[in-house]
Protein chains: 2
Amino acid sequence: MRSLKTTAIKLSYISSKRSYCHQFINPNFDSKATKSGGGNNTNDLLTNLGYIYQLPTAGLLHYLPLGLRTVKKIGDIIRKNLNNSIDANEFPVNEVSLSSISPTSLWVKTGRYPNDEVFTLNKNGDKNAKFLLVPTCEEEITAMMKPYLKSYKNLPQIVYQISRKYRYEKRPRGGILRGREFLMKDAYSFHVNERDALKCFDMMKSKYDLIFQAFKIPYVSAWADSGEIGGDRSMEYHYLHEIGEDKLMICDECGIASNIEKCQSTPVGKGQFKDPVEVTWCLNKEGDTLIGIYYPGTHELDPRRVVEAYGGEDLDLDTINMPNEKVLLKYQRENEDIMLASMVRLMDCRLHPRSNLPDFPLSKYSKFQFVTIDEVDLCFSKVGDVCEHCGTGHLRMEKSIEVGHIFYLGDKYSKPLDLKYVSKDNAQEVVKMGCYGIGLSRVLGSIAELTKDDIGLRWPSTIAPYTVSFVTPPNIHDDTSLLREIEHLKNNNSTNTSDDWLFDLRKDISLGKKINTSHAAGIPICCIIGRKSWPYIELEIRGKRYSNTWEKAYEMEGNGSKFDWVSKGEKASTNSKNRTFEKHLVHKDDLNSVLAILLKDL
Amino acid sequence: MRSLKTTAIKLSYISSKRSYCHQFINPNFDSKATKSGGGNNTNDLLTNLGYIYQLPTAGLLHYLPLGLRTVKKIGDIIRKNLNNSIDANEFPVNEVSLSSISPTSLWVKTGRYPNDEVFTLNKNGDKNAKFLLVPTCEEEITAMMKPYLKSYKNLPQIVYQISRKYRYEKRPRGGILRGREFLMKDAYSFHVNERDALKCFDMMKSKYDLIFQAFKIPYVSAWADSGEIGGDRSMEYHYLHEIGEDKLMICDECGIASNIEKCQSTPVGKGQFKDPVEVTWCLNKEGDTLIGIYYPGTHELDPRRVVEAYGGEDLDLDTINMPNEKVLLKYQRENEDIMLASMVRLMDCRLHPRSNLPDFPLSKYSKFQFVTIDEVDLCFSKVGDVCEHCGTGHLRMEKSIEVGHIFYLGDKYSKPLDLKYVSKDNAQEVVKMGCYGIGLSRVLGSIAELTKDDIGLRWPSTIAPYTVSFVTPPNIHDDTSLLREIEHLKNNNSTNTSDDWLFDLRKDISLGKKINTSHAAGIPICCIIGRKSWPYIELEIRGKRYSNTWEKAYEMEGNGSKFDWVSKGEKASTNSKNRTFEKHLVHKDDLNSVLAILLKDL
């Protein structure tokens, strides 16, 4: 009696009128109505297909069931790879979860507050912000780790969290790629010295490769500038795509990529450029040296390279961006006797020795006042430049979306926040740090963008909200014995993946519409169950093949030998207008094994 | 070769110098140094034992690895019970995740903004708050569900999320029980009518019972006032404890509990109370009726009961809290001819017909102006009152900590936010709602409070961060073969719970200290592995027994028959000063089975 009752309950569980996440899918979404060639806006697709809900206030969104499942899968991949050790000498890794509120006083110490780009928290009407919503957690983690890193014995340590971060943007672009609230994995590492920290940087680089490989979408890791966060070694992870806001320079020979801001290259046409030559005037910080920067008018000046060429921090960066006249006026005003002041000429290496330089703008000067630094690279790399890494390949430029970034921080945060440990020699030393981010919501948005087509979304199986959907004709509910078989299928799933199975047994929706919905939502495999073909199940493959190991498995085992599995392979029949899908017909008893084989490639 | 290499890597994984969460446990924490009788402050315990880090700014905290694991376990229990259906006609449940930022404009519509108790978000220096940090999500969810609940066919629906919520408190008490940021599960249900919504209320009541039973700690569900959230049926979930800020009235006969604000009872000594009689004067909203509330001076007036007795919303609640003189002045000022105004006397049912009533304070009045309502209950229930549910038991009062609350909301949010559906009859109807909360961080804090003792924390196995810890003498690292055996033990754990195993193989910590740390951190079972007893493992039971099924298993199977398992039962040897622990000696091959048996009870 008891077991019968249990069965009855389970059966009703699967066969009830529930629609689960289908509730959130726009019933009027029709792939046929969309423009061909991927004309759907990705945010609209994610909205229509039940992944996100965009608040009328731009820059904020809610995760609907399918979207939440997808970011959870992305998070699980990250977590698994961070927690698993890849070699014996690895550093200990702990997951924590910090408050999203942080006192501004902490940020004042590291010079990151006041800050236009953070949300501050006020009690209604209270003007003095004591708290902010964290955009990233270097300050908080540095403060938090203090009691736990008192001795060299406590080092190294890595902690990470997956949590919401906040960024105040005046004009937030809507959607998931750049919102005011976003999901981020941020890890922080703590070390006795730079050598150890850089070893950790390399270890995290390997882990990031495993993580991004698990997402299945080709990515580019590029050397980058550290920017606001600070430190002096940093690498970014990008997806190449025309909607991206970043620019990468990639060598067509060795493949090494750099963010354009960081890219070093051997200029093409060194010493050959004649005109027009541009000059930008600037000053040193004391205001007593006038610096003339000469470079080809066809190139863009890179202030970072200018500083490097000038050799030091002494250059007043503000004056680079001032109009030349203002700089010259300032120079004349601050130096009463111009003849005693010094002048430096920086000559970009692209210029020809006999280039026509612009006239010197001041009337009083002596040529003995001049120092000339030539043969230096003062401009951003350009397409066609020779790669500095391999010395043979040429650079091309690609637009990209940044989804991850790892940094060596050094003591940028540990020094102002006084994070010190007692060394073996009983001395107080400043802890060296690294930090490592991945934007989960950006990964979701980017992969949606990169994989969508004119049917809808198309997820890699590793991050798909469900790997398999089961659809039935509406009249399935008249067929109790088949319902019971479906239940049985679900419960006897030995591979422990039935959580990843989405059932669509709705009564009021046609089979065709159910299949279309599954494909549009990007579920990699759609299983069609009906009385006609039972005990065979028809599989339609929506996911893209990232590898082709299934064919081997099919030849070895599927071809009548081990599994009862008929494949129509790529010679698939037409499903909807102009669309073909790879199809397989699989006996119910072989379903689990065949799904496992197919999913490996998707 | 390949498998050998894999083994080598795994072995180094477990035997490396990692300390994981032990890093965050205060090495100087010593249970012996603490006061006996549970004198440890719970927040200090959680801090010292690596569960939380309290920010210097009161009311904010970070979760350390052990704390994060514990709230995740609590969340998993909630999630599992919400997702699993308990009967065939159940409502569909979806998990979502809403933004923690919400536009204030939405809250103005429901009358919950401006609000002193929420954090508002300003761009630095900007005075007009456009956003707030959500303390709860009725507004947002109601707005979000609009496009998905257009027809009666889309109803009912339940959505829930587990996320951070925020509350601005001027003087936040530190610690985990009442912080400015807290973790909450909030569910919301949507229905065609009240009957359906109340059915859902009852279903959620059943689910809450399953959830709280899974936490293993005795709880009380109590009828409650709906308060700010609104609606008219609500039940709270409490843990009884003296530090609690709530007061429950519980019947010693039928056990039904109510929050003191909601508790109805039959007063003891009805019609017998003589003096002193108190009177509180108040007015109706129009100001033309003077109401005198007469009640025993030994009781506390309950404004809600007064309103009910007076019969309606017409009573001006503000005047109840004014001093009598001010009310009388106001009455005289607003009614030029007192003889035309009306007066009402409310007489509490406890008063004796011949009680000495205070003199009437106005000089001009006619007794024909008076209306008297007597035999009404105007005061909060008191200890000893007769329970209104069973009519025989008497009430006792208990202090308690509220950890959950479920509400029937009706149209409190759907009406102002215009959440309507098209009914079967093609009419526009307002959706009826319910909401259902559990405070995850409060559950963590309350259970820590309720279960701690003079050794430290003591978790039920269902929410313990790890169910089992493995400790070794420091010299284990000289014994490669034993290390390999430990690795083998871990990898051959068939019960899929090895994620719940915490290894403490540290070199620089004594075995005794490791055992003490495991017990203080509240891990239910500590397994001691050493060369001396190997292949037997010594188990010390730290967890409390909530049931005793293990004894049966031990008698049936353990006693030399199925498992090689020597139990020292309750006659345990002394571990540290004055403490005894139940101990078992188990053969390594039986470890998994025996742990499974023991953990069921803990």
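Is B:E582 buried or exposed? I started my notebook with that one, and B:E582 turns out to be buried, since its relative accessible area is 7% and the cut-off for buried is under 20%. A reminder to myself before going on: this is a predicted model.

**Entry 1: the partner of B:E582**

I looked up what B:E582 pairs with, and found a salt bridge to B:R545, with 2.4 Å between the closest N and O atoms. This pair ties together distant parts of chain B, 37 residues apart. B:R545 sits in the loop between strand 26 (536-541) and helix 13 (549-558), while B:E582 belongs to strand 28 (residues 582-587). I checked B:R545 as well: its relative accessibility is 16%, so it counts as buried.

**Entry 2: a pair within one helix**

Next I went to chain A and picked A:D76. Its side chain meets that of A:R79 in a salt bridge, 3.6 Å from N to O. I found both residues in helix 3 (residues 65-83) of chain A, three residues apart, which is about one turn of the helix. Is A:D76 buried, exposed or partly exposed? I get 46% relative accessibility, so A:D76 is partly exposed, because that class runs between the 20% and 50% cut-offs.

**Entry 3: across chain A**

Then I tried A:R305, whose side chain forms a salt bridge with that of A:D377 at 3.2 Å, N to O. Here the pair links distant parts of the chain, with the two positions 72 residues apart. I placed A:R305 in helix 7 (residues 303-310) and A:D377 in the loop between strand 17 (370-376) and strand 18 (386-387), both in chain A. A:R305 and A:D377 are both buried.

**Entry 4: the overall count**

How many salt bridges are there over all chains? I noted a count of 47.

**Entry 5: around B:D500**

Last, I looked at B:D500, which lies in the loop between helix 11 (480-491) and strand 24 (501-504) of chain B. With a relative accessibility of 16%, B:D500 counts as buried. I wanted to know which side chain it makes a polar contact with, and the one I wrote down is that of B:K73, at 2.8 Å. Setting aside neighbours within four places in sequence, I listed what B:D500 is in contact with: B:R69, B:K73, B:P465, B:Y466, B:T467 and B:V468. So B:K73 turns up in my notes on B:D500 both as a polar contact and in the contact list.

Methods
Residues numbered from 1 in each chain as written. Chains lettered and ligands numbered in written order. Predicted model: local features only at pLDDT ≥ 70, side-chain atom pairs only at ≥ 80, totals over all residues. Heavy atoms only, no water. Salt bridge = Lys/Arg side-chain N within 4 Å of Asp/Glu carboxyl O. Helix = DSSP H or I, 4+ residues; strand = E, 2+ residues; numbered from the N terminus. Buried < 20%, exposed > 50% of the residue type's maximum accessible area, 1.4 Å probe, protein only. Polar contact = N/O pair within 3.5 Å; in protein donor to acceptor, adjacent residues only side chain to side chain. Contact = heavy atoms within 4.5 Å.
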